[in-house]
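Biologist: Could you take a close look at one part of this predicted model for me? I'd like to hear about a single charged residue and what surrounds it, and then how that spot sits in the rest of the fold.

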Amino acid sequence: MASAAQPPSLPLPLQSSNVAGGGWNSLQRASLYVGDLDPDVTETDLINKFSAIAPVSSLRLCRCLRTRKSLRYAYINFFSHFHARKAFACLNHTDLKGKPMRIMWSQRDPFPRKIGIGNLFVKNLDPSISSACLEGVFCRFGTILSCKIAEENGKSKGFGFVQFDSEGSAMAAMTALHDTMLEGRKL
C-alpha cells in the first residue's frame, strides 16, 4: 500500500493551533520514548492515541532505512512537560493494536542507560506477571524510568528489568524485595 507520509527519519510536524500563544518553537517541549509497539502501528495510530490525551507537537515512528518496516518504537514530542507527563501517566502500559506500550522519558544522553545506573534484573517471574504489574511492585521505592518483562513471541521469558532514576532507589528495592514471594515464586 503506497503512502505519501514523510520519510521516517524526520519528525512528523503537527498543527499547533490548539496551543495558545505563538509558535511551538517558543514553548518548552518534552519528549517520550514509546516502545514495544505492534509492528502494524502507524504514525496516525500514535497521533490519534496521544493527542486524545494532550497536544502533540511532533512524532517520529522509527523505521528500517532499507525495508521501511517499523522498528517498533517512536519518539513523541509535546508542547510542555506537563502535557508529556499527563500522556505518560495515562498511556503507559495501555494497549495499542492489542499490545501494551512501554513509555519512558526520552534520554538524549545514552551514558546512564549503557552503564546500568539504577538498573535491576528481576528473575523467576511467573508468566502472568506483566510489565505494569512489575512496575506496581517496585514503584514504592522511587521513580522508575523503565520497566520491562522480557518476551519471546509474546510470552514472558520469566525475567525483567526495572530501571530507577537513582542507584539508591534500586538498592532500596533490591534490599526490600530480594527473596520475597510474587505470585507464588521467590524473586
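Modeller: Here is a walk that starts at Asp36 and moves outward from there.

Keep in mind that this is a predicted model. Asp36 sits in the loop that runs between β2 (30-35) and α1 (43-51). Is Asp36 buried or exposed? With a relative accessible area of 18%, Asp36 falls under the 20% cut-off, so it counts as buried.

Which residues does Asp36 touch, if you skip those up to four places away in sequence? The list is Arg72, Lys99, Pro100, Arg102 and Lys148. With Lys148 there is a polar contact, side chain to side chain, at 3.1 Å. That pair also qualifies as a salt bridge, with the closest N and O atoms 3.1 Å apart. It's a link between distant parts of the chain: Asp36 is in the loop between β2 and α1, while Lys148 is in strand β9, 112 residues apart. The two partners are not equally covered: Asp36 is buried at 18%, whereas Lys148 is partly exposed, with a relative accessible area of 29%.

How many salt bridges are there in the model? The count comes to 6. Glu43 and Arg63 make one of them, again with 3.1 Å between the closest N and O atoms. Here helix α1 supplies Glu43 and strand β3 supplies Arg63, and the pair links distant parts of the chain, 20 residues apart. Glu43 counts as buried at 14% relative accessibility, and Arg63 is partly exposed at 23%.

Another salt bridge joins the side chains of Arg185 and Asp126, at 4.0 Å from N to O. Arg185 is in strand β12 (residues 185-186) and Asp126 is in the loop between β8 and α4, so this pair ties together parts 59 residues apart in sequence. Arg185 is partly exposed, with a relative accessible area of 31%, and Asp126 is buried at 18%. Coming back to our starting residue, salt bridges with shared partners join Asp36, Arg102 and Lys148 into one network.

Now for the nonpolar side of things. Leu37, the next number along from Asp36, is among the residues with the most contacts inside the largest nonpolar core, together with Leu46, Phe50, Ile76, Phe78, Met101 and Ile103. That core has 22 residues. At least two residues each come from β2, α1, β3 (56-63), β4 (70-78) and α2 (81-91). The top contributor is α2, with 4 residues. Apart from this core lies another one of 17 residues, including Leu134, Ala170, Ala173 and Leu182.

Leu134 takes us to helix α4 (residues 131-138), where Ser131, Leu134, Glu135 and Phe138 are buried. Why do these four share a side of α4? They cover an arc of only 100° around the axis, which puts them on the same side. That fits the general geometry: an α-helix has 3.6 residues a turn, so residues three or four places apart point the same way. The buried residues of α4 pack against β8 (119-123), β9 (144-152), β10 (155-164) and α5 (167-177). Strand β9 is also where Lys148, the salt-bridge partner of Asp36, is found.

One last check, on the cysteines: the structure holds 0 disulfides. Cys62 is buried, with a relative accessible area of 6%, while Cys90 is partly exposed at 41%.

Technical notes:
Residues numbered from 1 in each chain as written. Predicted model: local features only at pLDDT ≥ 70, side-chain atom pairs only at ≥ 80, totals over all residues. Heavy atoms only, no water. Buried < 20%, exposed > 50% of the residue type's maximum accessible area, 1.4 Å probe, protein only. Polar contact = N/O pair within 3.5 Å; in protein donor to acceptor, adjacent residues only side chain to side chain. Contact = heavy atoms within 4.5 Å. Core = buried A, V, L, I, M, F, W, Y, C linked by side-chain atoms within 4.5 Å. Arc of directions from axis to C-beta. Disulfide = S-S within 2.5 Å.
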